[in-house]
Amino acid sequence: MGTGPSLNLVVDLRELLSYHFMLNALRAGTIVAVVAGAVGYFMVLRRQSFAGHSLAVIGFPGAAGATWLGLNAGFGYFGLCIAGALIIATLPGAQSGLGNYGEQSAAIGTLQAFALACGFLFVSLYQGFLSDLNNLLFGSITGVSDDQVLMLLIAGCCCLLWLAAIARPLLFSSVDPAVARARGVRVRLLSAMFLLLLAISVAGTSQITGSLLVFALLVAPAATASRLTARPGLGMLASVLIAVAVTWLGEAIAFYSPYPIGFWVTTLAFAAFLLAAGYRAVTDSAGRRQQSSATHPLAGSR
């Protein structure tokens, strides 16, 4: 880590980029942020945040098991997240199109509990340092290798191409699944495909933020963007830009502090959400006042 930030931003940036592990962290963070911002926007739109949380929890035992077996944790994240998505997709009600998980919430909760138990079992069997557990749960900027960056790049490109291919029917089925189904859209297949896409995104994001802080990039930027605009294209772009911004800033601040990257990324994402929520509240209030004045012109002149 750096010795401490100075007042010269150019010098600080040059120092930050002089370390190979920081270059890898920035590369991986950018890939993850772009994918998480795009996929997370649809996740929030479809009200499937619970599914994203479930997959994040399921990814933890996968990473812990891979570490115990001496494999790259990334293989564990991707393997078990994809398996979890396939399991969730087969549960009754999971294909409703708008994330109505009431019928299968007990089954998913049981799956989460079992996944966490397996994760801590693998950590216990590994008998590694506590920092290994912290990295799996909360992320680390020092553990991103060249192989992980390459894996994330391949997975990220596949996710974006996949999302681009199904974006239009997915948006249609997300907004009104009943009408989409009547128009011949295969809502059930699209829902399963999106769950797999979400699983890959969660697995990639978990390697930067850790399993417990995945929502810092999957939910917060998308929720922030949804409060800034109702236009899907502009909202997705805003979600991606916010995710990239908080990732870059979070990694830079973490470089000069003893605290983990997950904390900084989450804090910055939460701050952006609060600002957007405040902006939305102010604009809505101003809109209501204008509407009231237009409806009752004499009321505004008093």
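Buried here means under 20% relative accessible area, so Cys159, at 2%, makes the cut. That label comes up again and again in the legends below, which all show a predicted model.

**Figure 1. An all-helical chain.** Here is the whole protein chain before we zoom in: 14 helices and zero strands. Read from the N terminus, the order of elements is simply α-α-α-α-α-α-α-α-α-α-α-α-α-α. Of the 302 residues in the chain, 46% are buried.

**Figure 2. Helix α3 and its surroundings.** Take α3, residues 49–68, as the anchor for the next few views. Of its 20 residues, 16 are buried, so the rest of the structure largely encloses this helix. Its length holds no surprises: at 1.5 Å a residue the helix should span 28 Å, and the end C-alpha atoms sit 29 Å apart, which agrees. Following α3 comes Gly70, with a positive phi near 80°.

**Figure 3. α3 against α5.** The partner in this close-up is α5, residues 105–126, whose axis lies 8 Å from that of α3. The two helices pack at an angle of about 25°, which makes α3 roughly parallel to α5. As for handedness, the α3 and α5 crossing is left-handed. What sort of residues make up the contact of α3 with α5? The split is 17 nonpolar, seven polar and no charged.

**Figure 4. α3 against α4.** Swap α5 for α4 and the geometry reads like this: the axes of α3 and α4 come within 7 Å and cross at roughly 140°. That makes α3 oblique to α4, since a pair has to be over 145 degrees to count as roughly antiparallel. This crossing of α3 and α4 is right-handed.

**Figure 5. Helix α4 on its own.** Residues 73–90 form this helix of 18 residues. From first C-alpha to last, α4 reaches 26 Å, close to the 26 Å expected at 1.5 Å a residue. Which residues of α4 are buried? Among them are the glycines Gly74, Gly76 and Gly84, along with Ala73, Ala85 and Ala89. Tyr77, Phe78, Cys81 and Ile88 are buried too. When looking along the helix, keep in mind that an α-helix has 3.6 residues a turn, so residues three or four places apart point the same way.

**Figure 6. Arg47, in the loop after α2.** Helix α2 covers residues 20–45, which is 26 residues. Its end-to-end C-alpha reach is 37 Å, close to the 38 Å expected at 1.5 Å a residue. Just after α2 comes Arg47, in the loop between α2 and α3. What is the phi of Arg47? About 55°, a positive value, although Arg47 is not a glycine. That's worth a second look because most residues other than glycine have a negative phi. Arg47 is exposed, with a relative accessible area of 54%.

**Figure 7. Cysteines without a bridge.** How many disulfides does a search of the whole structure find? Zero. The close-up shows why for two of the cysteines. A disulfide needs the sulfur atoms within 2.5 Å, and the sulfur of Cys158 is 7.0 Å from its closest cysteine sulfur, in Cys157, so that pair is too far for a bond. Cys159 is in a similar spot: its closest cysteine sulfur, in Cys158, is 7.1 Å away, again too far for a bond. Buried or exposed? Cys159 is buried, at 2% relative accessibility, while Cys158 is partly exposed, with a relative accessible area of 46%.

**Figure 8. Three residues and their partners from elsewhere in the sequence.** Start with Ala216, in helix α10, residues 215–218. Ala216 is buried, at 5% relative accessibility. Its C-alpha lies 9.0 Å from that of Phe263, 47 residues apart along the chain. Next is Gly235, in helix α12, residues 232–255. Gly235 counts as buried, at 0% relative accessibility. Twelve residues separate Gly235 from Ala223 in sequence, and 9.5 Å separates them in space, C-alpha to C-alpha. Last up is Leu275, in helix α13, residues 261–295. Leu275 counts as exposed, at 65% relative accessibility. Its partner in this view is Arg227, 48 residues apart in sequence and 9.8 Å apart in space, C-alpha to C-alpha.

Key. Residues numbered from 1 in each chain as written. Predicted model: local features only at pLDDT ≥ 70, side-chain atom pairs only at ≥ 80, totals over all residues. Heavy atoms only, no water. Axes fitted to C-alpha atoms, helices over the stretch in contact; angles between N-to-C directions. Helix = DSSP H or I, 4+ residues; strand = E, 2+ residues; numbered from the N terminus. Parallel < 35°, antiparallel > 145°, perpendicular 65-115°, else oblique. Left-handed = near helix turned anticlockwise from the far one by under 90°. Nonpolar A, V, L, I, M, F, W, Y, C, P; charged D, E, K, R; others polar. Expected span 1.5 Å × (residues − 1). Buried < 20%, exposed > 50% of the residue type's maximum accessible area, 1.4 Å probe, protein only.
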